Amino acid sequence: METTLRGVGVSHGVAIGEVRHMGTAVLEPPAKQNPAQDTEREQGRAHQAVKAVSADLIARGNLAGGEAQAVLEAQAMMAQDPELMADVERRIAVGSTAERAVYDAFASYRALLAGAGEYLAGRVADLDDVRNRIVARLLGVPMPGVPDSDEPYVLIARDLAPADTALLDPTLVLGFVTEEGGPTSHSAILARALGVPAVVALPGAGELAEGTLIAVDGSSGEVFVEPSDEKRAVLERAAAERKAALTASSGPGTTSDGHKVPLLANIGGPGDVSAALAAGAEGVGLFRTEFLFLDDSEQAPSEEKQIEAYRQVLNAFPEGRVVVRVLDAGADKPLQFLTPADEPNPALGVRGLRSLLDHPEVLQTQLTALARAAEGLPVHLEVMAPMVADRIDARAFAEACRAAGLRAKYGAMVEIPSAALRARSILREVEFLSLGTNDLAQYTFAADRQVGAVSRLQDPWQPALLDLVALAAEAAKAEGKGCGVCGEAASDPLLACVLTGLGVTSLSMGAAAIPYVRAALATYTLAQCERAAAAARATDTADEARTAAQGVLSGE
């Protein structure tokens, strides 16, 4: 009998197939004692396993490239965390085996993160995956992971670790569903990059029996269990119509009455450029530069190394616009040479621009490298700072840009409510704004972006979040400057229309979403988008806002 479950749709498309479950996690190793004379041998085993797992994660990242590579390299750094390894060695010294010491040390750190309620609690799933891989290697058992199958299937998991998601084969994995996660979790971001339909934060997903036929709608968040022939026909017809619309859509982003809305790509490094070009991106709206700094957590990359990487991306968009975000370190992206090790709450501490202002040599090297990389190229380079709180922050960044001789526009990311509330003040120091809706939602609602239990507060349709977007866009219009959105909100075609109606001047997203957004914008006039935006803001919940906007745009 057909039943319908509802989670959070995070990657567009429809997948119909049989359920296959993620491989089970490593069992807890026995708590047996290790003879004192074996201490050195056990510590050696632990170090070898950690080194092997770290190398495997880096290798997977190299294969995946782009954004996935940065995520996996961060996991590799986690595996080699010196404090964790010191705890492992201490436990072995008092009698634990290598596998038990790893298990207990990671469990202790896990409890610390989860119980503290910090932003880093969102890294618990990644931490568990690293632990499982190390313990599996020590026990000599298969790694947990994606099931082996010769036939296409829909993958079900409690959560998906980046190491698994990054190398999913879209020809076999039709889509996936997880119990945990949220719209801005690593799994969701990587699913969009792959173009695989996905639903997260679906309670009870793990109870779906192996082999059960399900249909996953990555747009609505609905999962249909044992769908009827009629339901399957409806979903397949809708998918076919959507594909036809995408094929017919090309060129710059515009509304049906010719209002231009440049559609840009979010990229995590040179490896993402080809997908952005294939999708018809008009430039880059968010070039995340963290991938360069994750190669070596103990020191910043040289100016020459940075120039080489930046130039690869700038060369790919002649006459186009490339917006580079300077290093956004801290919180879930700690770096030993930059990030304080003893912050009680890293999400509310020294992160983003704050870290760079505390280490001006790192910021100056990056800005100088960008200036040199753009020399002689016709590209329109723009550089922006993350986590700008007020005009003082904006002025400090603008001064650093000028001191580096940067011939580019410089702007501020709006990720903190204060920046949206005082956007006009900030715009007196910089030349554009870019809304990072993921963090803006997190700080507006005090809701960790990686925790599934609060995913409703991470919904970019929340009217309070739309109000903040409107404030920033109105301020930019008053100052005659641009205000883009580079958060995941821009990848929702319906919401993209609403953002346009709120006054946003450009939209940046994962490359896979660009055709969907282009097709949606081309369907409606600017006036329709403005009416949909007003209707959404007049509601009290995210669901009501979405329904109201859809009603306006569908003529109901």
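How many residues of the lining of the largest cavity are nonpolar, how many polar and how many charged? In this predicted model, the lining divides into 6 nonpolar residues, 5 polar ones and 1 that is charged.

It helps to begin with the idea behind such a description. Rolling a probe the size of a water molecule over the atoms shows where empty space is left. Applied here, the search finds 2 cavities of 30 Å³ or more in the structure. The largest cavity holds about 60 Å³ of space. Its lining is made up of L264, G285, R321, V323, F432, L433, S434, G484, V485, C486, S506 and S508. Four strands each give two or more residues to this lining: β11 (321–325), β14 (432–435), β15 (482–485) and β16 (506–509). Of the elements, β14 provides the largest share, with 3 residues.

The second largest pocket is described in the same way. About 1,400 Å³ of space lies in this pocket, and 49 residues line it. Those nearest its centre are H12, S219, S220, D492 and R546. Here, the elements supplying at least two lining residues each are the strand β2 (8–11) and the helices α8 (229–248), α17 (437–445), α19 (493–502), α20 (514–521) and α22 (542–553). The largest share comes from α8, which contributes 5 residues. By residue class, the lining of the second largest pocket divides into 19 nonpolar, 17 polar and 13 charged residues.

The cysteines were examined next. A disulfide is a covalent bond between the sulfur atoms of two cysteines. How many disulfides does a search of the whole structure find? The count is 0. For C483, the reason is distance: the closest cysteine sulfur, in C486, is 10 Å from the sulfur of C483, and this is too far for a bond. C486 will be familiar from the lining of the largest cavity. C483 itself counts as buried, because its relative accessibility is 1%.

C529 offers a second case. The nearest cysteine sulfur, in C497, lies 4.5 Å away, and C529 is in no disulfide. For a pair to count, the two sulfur atoms must be within 2.5 Å. Is C529 buried or exposed? With a relative accessibility of 0%, C529 counts as buried.

How values were computed: Residues numbered from 1 in each chain as written. Predicted model: local features only at pLDDT ≥ 70, side-chain atom pairs only at ≥ 80, totals over all residues. Heavy atoms only, no water. 1 Å grid on protein atoms, 1.4 Å probe; cavity = no way out; pocket = protein on both sides within 12 Å on 5 of 7 lines; lining within 4 Å. Points joined across faces, edges and corners; volume = space filled by probe spheres on them. Nonpolar A, V, L, I, M, F, W, Y, C, P; charged D, E, K, R; others polar. Buried < 20%, exposed > 50% of the residue type's maximum accessible area, 1.4 Å probe, protein only.
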